[in-house]
Amino acid sequence: MAKHVRNRVVVERVRPEIDAGRFPIKRVAGESVVVEADAFADGHDAITCVLRYRPAGGEWREAPMEALGNDRWRGEFVVEKLGPHEYTVAAWLDVFASWQRDLRKKVDAGQNVSVELLGGAELVTKAARRAKGDKRLLKEWAERLEATEPDPAAGLAPELAELMARHAERRDVTTYERVLDVRVGPTDAAFSSWYEFFPRSFGTLADAERMLPYIERMGFSVVYLPPVHPIGVTNRKGRNNTTESDADDPGSPWAIGSEDGGHTSINPDLGTFDEFDRFVARAREHGLEVAMDLAFQCSPDHPYVKERPEWFRRRADGTIQYAENPPKRYEDIYPLDFECEAREELWAELRNVVDFWVDRGVRVFRVDNPHTKPFAFWEWLIGGVHEDRPDVVFLSEAFTRPKVMNRLAKVGFDQSYTYFTWRTTKWELTEYLTELTQTETADFFRPNLWPNTPDILPEHLHHQGAPAFMARLVLAATLGANYGIYGPAYELCENIPLAPGREEYLNSEKFEIKKWDVDDPHSLSDLIARVNRIRADNESLHSDRTLRFREIQNDNLIAYTKQSPDGSNLVLVVVNLDAEHIQSGMLHLPLGELGIDEHASYGVHDLLTEARYLWHGEWNYIELDPGSIPAHIFRLRTRLSREEDFDYFS
């Protein structure tokens, strides 16, 4: 027999909701959560719909939801602190709202409504009986409705509707079948700028401290270090990833472990724990968080290999399986076997590694190749860390299949590498970034855009010189609220590949110590500093959610806007995707959508060059020369009300 369901109200299609509530959506402290749902009932009775929310385990609070039409409702709430939160939707038949709606129809039709007003008075009187507050006020309204000559306008008063909503009789409330989760992280999970460099190219960690003022001047918020642990000797790679190494070859930092220790040790060539702690402290003094590389793999010399050999997979000949991605072979690295019989001890040890560095002040981790480890492991590890330390941030370095990258984001990673590195055409960038920012993906996947990494020198940077580096910088920094570069290679426009068509650096810093001249007069460091300052000063660039691409009549030019939640900060970015030729075109801006008076002039301030213009109407001319700066970052002044404003922009 079918189950008897009494409630007449239906609540369904709640959004956002990730995989039927299996995974939380992501927000940061102070950010709003906008929720929509379908809510309706049979018949003609009006309903009321509310959004219920709370910190997990706390008291439920409610926010009203407004009707959007076609039985769709919307409401929002703000998550005010770190940690897990919950939300759901509830709705019920609203007798008073039904009465007031029907009363309005009869009044508009010129009908006598004296009997209807008596019915309304009865509803208000009942509300007064059950109300803990507003009793006298409700009684006064009831008296007005049942007066000898009642005023129909009293029954239609918005004040009465608001009062009755506060004391509504909630009968047969329908609550959505699921309580949905929000993972609330720190603000730098949603807005950050990363600078990666190899400390060993500057000496020890103490020597590398001299890079901190330089990185601060460029305006970055995170300084990311490749692994700082001891490096194995067995099968150590030589320069350019050759299998033969010389005595002075430092080896790859990702070949972790030697007789000097493993994942909770410092490479003696970099210094001591005192120097590491000092580096972290000095970084904070410069406004920088230190991000550590979390690479769960071992060199053949790692202590785990001798102490816990059962944590590694064996080949048919009994030797330990080294890492490989045919035809590439990484004999200097042994992967851990996350599904070995002793996996509980292995997982617990790796959690201890994370806790070890968190206890030393590290709260940001870039995780190497997480897609080669089980999803269940990351959900367990990151969930446990976030439960204890909700301020810790994990970045997923997974350049792999889209569904795998999405799953890693769902199971807990706060940020994720993307395919931006290889998206170069206007169509590719528009399609991909729209997917990341305007679909369900945006609720669980936070993109972190990198134009280069130590592993990747994309082909479009090989031959086009500084204009290509400038354009990709502006794209990464303005399309994404999170972005990063590998330097000083990037600002010095290092662009020599290992071989034609190979997206790897010749003389890669992964396998040798480099000498960088950060004072090179041709460096892009001043431009980077300007771009990061623009990011800091403009709230619209602190989020991805308002990214909208705009029509511009040239496929070599890409244009897009971002706007702050209150609409007061509006930024327009235009980038020349052709690093060799001047490109121009007519740009269209939908002024009404952007809150700009269609019949008035508006100010346009290029934050990169300080040039100022007065624009008129929806169509305006754009020209960009890659020989200077191949991009505009415009701040739009939507209202010019004083004569001096016009002088300023003329």
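P16 sits in the loop between β1 and β2 (25-28), where helices (H or I, at least four residues) and strands (E, at least two) are DSSP runs numbered from the N terminus. The peptide bond leading into this proline, from R15 to P16, is cis, with omega near 5 degrees. Before going on, the ground rules: this is a predicted model, in which local features need pLDDT of at least 70 and side-chain atom pairs count only at pLDDT 80 or more, while totals for chains, interfaces and linings use all residues. Residues are numbered from 1 along each chain as its sequence is written, and side-chain values use heavy atoms, with hydrogens and water left out.

There's a second cis bond to look at, the one from P326 to P327, again with omega near 5 degrees. P327 belongs to the loop between β15 (323-325) and β16 (328-330).

Back at the start of the chain, R13 lies in strand β1 and has a phi near 50 degrees, a positive value in a residue other than glycine. R13 counts as partly exposed because its relative accessibility is 44%; buried means under 20% relative accessible area, exposed over 50%, and partly exposed in between (1.4 Å probe, protein chains only). E610 is not a glycine either, yet its phi is positive at about 70 degrees. E610 is found in the loop between β27 and β28, and with 45% relative accessibility it counts as partly exposed.

Now for the strands. Two of them pair if DSSP finds at least two bridges between them. Here are some of the pairs:

| Pair | Bridges | Direction |
|---|---|---|
| β1 (residues 9-15) and β3 (residues 32-41) | five bridges | antiparallel |
| β3 and β7 (residues 72-78) | seven bridges | antiparallel |
| β11 (residues 192-196) and β12 (residues 222-225) | three bridges | parallel |
| β27 (residues 602-606) and β30 (residues 631-637) | four bridges | antiparallel |

You can pick out individual partners too. E12 has D38 in β3 as its bridge partner, and E36 is matched with R74 in β7. E196 stands opposite Y224 in β12, while V604 faces L636 in β30.

β11 and β12 are part of a closed barrel of eight strands, β11-β12-β13-β18-β19-β20-β21-β22, with parallel pairing. Its neighbouring strands are turned by 30 degrees against each other on average, direction ignored; axes are lines fitted to C-alpha atoms, for helices over the stretch in contact, and angles run from 0 to 180 degrees between N-to-C directions.

β27 and β30 belong to an open, antiparallel sheet of six strands in the order β23-β24-β25-β30-β27-β28. Why do β23 (548-550) and β28 (612-615) each have one side without a neighbour in the sheet? They stand at the edges with a single partner strand each, so one side is left free of a neighbour. Neighbouring strands in this open sheet are also turned by 30 degrees on average, direction ignored. Helix α14 (residues 465-479) lies across β23, β24 (557-563), β25 (570-576) and β30, and runs at about 30 degrees to β24.

Zooming out, the protein has 17 helices and 30 strands, and its C-alpha trace spans about 105 × 70 × 45 Å along the principal axes. Of its 650 residues, 54% are buried. Among contacts (heavy atoms within 4.5 Å) with a separation of 6 or more, 75% come from residues 24 or more positions apart.
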